[in-house]
Amino acid sequence: MLSLTKQFLRSQIQVPPSAAYSTEVKRHITLYQHPISPPCRAVIMAAKLIGVDLELKLVQIKDCKTQEFLKINPLKRIPVLDDGGFLLSESRAILTYLSDKYGKDDSLYPRDLQARAIIDQMFYFDMGTLYQAMVDYWNYCVLKDNPHDEERYRRVFGPLNLFNETLGVSKFAAGPKFTLADVSLLTSVSAIDAIGVDLTKYPNIHSWSDRSQKMVPNYEEINSKGVEQIKEKFRAWEDKFRPKK
């Protein structure tokens, strides 16, 4: 009898997988962001794919350290999602939250643990290896106004080679289907392209980028402004250190 009672209780608290993607009412959702930030653009792309309307609030990068912004995010960075008072930072955490809570299905971030683990693996590769290599160069040279550092620049090539090899055995970043991993990596790769790295030397990345861009509604509208801001800032930095004739 006790065993049957336990089984009954379990049956009452289990939620069918589809229910998590069909009953949530979309509340007022705000994203604190700046278009120059690839992680911010990744969130906007994911929201478009999932069908979530975001109110975009522009935050200047320098203002992330103000006392007013610290009340929103003590970690002093963007993006930050405000979902009816629930505050969440870190783009990849935001991507998975939006998919789990508001996705019509689990195609972008599957419920299957092994499929999800591969997506997470590529998130961590992006955050800690590929995008980080680009950010290290950008921060040291462009933001801190230092001359070109060849060693830092070349650190970008290793992760690109790894990603190019990965895409040699799978159509998308985490397997045969387009997922949130592709969204995150797409904005990182577009930023690397914007600082003059020739992606045609990485044919698998080049073709993957073309495929992935076609999967995102309004990709150019979402991404082009931020990419152009990176290019403008990079050109201004290059001009400053270009040898005088």
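Just after helix H8 (180-194), Gly-196 takes a positive phi of about 95°. This is a predicted model, and H8 makes a good place to start looking around it. Of the 15 residues in H8, 14 are buried, so the helix is largely enclosed by the rest of the structure. You can also check its length: at 1.5 Å a residue, H8 should span 21 Å, and its end C-alpha atoms are 22 Å apart, which agrees.

Positive phi values turn up in residues other than glycine too. Glu-90 has one of about 75°, and this residue is found in the loop between strand S4 (86-89) and helix H4. With a relative accessible area of 28%, Glu-90 is partly exposed. Asp-145 has a positive phi near 60° and sits in the loop between H5 and helix H6 (150-154). Asp-145 is partly exposed as well, with a relative accessible area of 37%. Another backbone feature to look for is the cis peptide bond from Ile-78 to Pro-79, with omega near 5°. Pro-79 belongs to the loop between helix H3 (67-70) and strand S3 (80-83).

Now let us turn to the interior. In soluble globular proteins, nonpolar side chains tend to be buried together. Here the largest nonpolar core has 64 residues, and Leu-98, Leu-160, Phe-163 and Trp-208 touch the most other members. Elements that give two or more residues to this core include strand S1 (29-33), helix H2 (38-50), helix H7 (157-166), H8 and helix H10 (219-241). The largest share comes from H5, with 13 residues. Both domain 1 (4-13 + 28-102) and domain 2 (113-241) supply at least three residues to this core.

Trp-208 is a helpful residue to zoom in on. Leaving aside residues up to four places away in sequence, Trp-208 touches nine neighbours you can pick out by name: Phe-163, Leu-167, Lys-171, Phe-172, Ala-173, Asp-182, Leu-185, Leu-186 and Val-189. There is also a second, separate core of seven residues, which includes Tyr-32, Val-59, Phe-69 and Ile-78. Ile-78 is also the residue that leads into the cis bond to Pro-79.

The aromatic rings give another way through the fold. A pair of aromatic rings is described by the distance of the centres and the angle of the planes. The count for this model comes to 10 aromatic pairs. In one of them, the rings of Tyr-109 and Phe-123 have their centres 6.5 Å apart and their planes at 40°, so the pair is tilted. Tyr-109 lies in the loop between helix H4 (91-102) and helix H5 (113-143), while Phe-123 is in H5, so the pair ties together parts that are 14 residues apart in sequence. Both partners are buried: Tyr-109 has a relative accessible area of 6%, and Phe-123 has one of 4%.

Tyr-153 and Phe-157 form an edge-to-face pair, 5.4 Å centre to centre with 80° between the planes. Tyr-153 counts as buried at 14% relative accessibility, whereas Phe-157, at 22%, counts as partly exposed. These two residues belong to one aromatic cluster together with Tyr-137, Phe-234, Trp-237 and Phe-241.

Finally, look for arginines over ring faces. Arg-152 lies over the face of Tyr-140, at 3.8 Å from the ring centre. Arg-211 lies over the face of Phe-172, at 5.7 Å from the ring centre, and Phe-172 brings us back to Trp-208, which touches it.

Terms used: Residues numbered from 1 in each chain as written. Predicted model: local features only at pLDDT ≥ 70, side-chain atom pairs only at ≥ 80, totals over all residues. Heavy atoms only, no water. Phe/Tyr/Trp six-rings, centres within 6.5 Å; stacked < 30°, edge-to-face > 60°. Helix = DSSP H or I, 4+ residues; strand = E, 2+ residues; numbered from the N terminus. Buried < 20%, exposed > 50% of the residue type's maximum accessible area, 1.4 Å probe, protein only. Lys NZ or Arg CZ within 6 Å of the ring centre and 35° of its normal. Core = buried A, V, L, I, M, F, W, Y, C linked by side-chain atoms within 4.5 Å. Domains from an automatic or database assignment. Contact = heavy atoms within 4.5 Å. Expected span 1.5 Å × (residues − 1).
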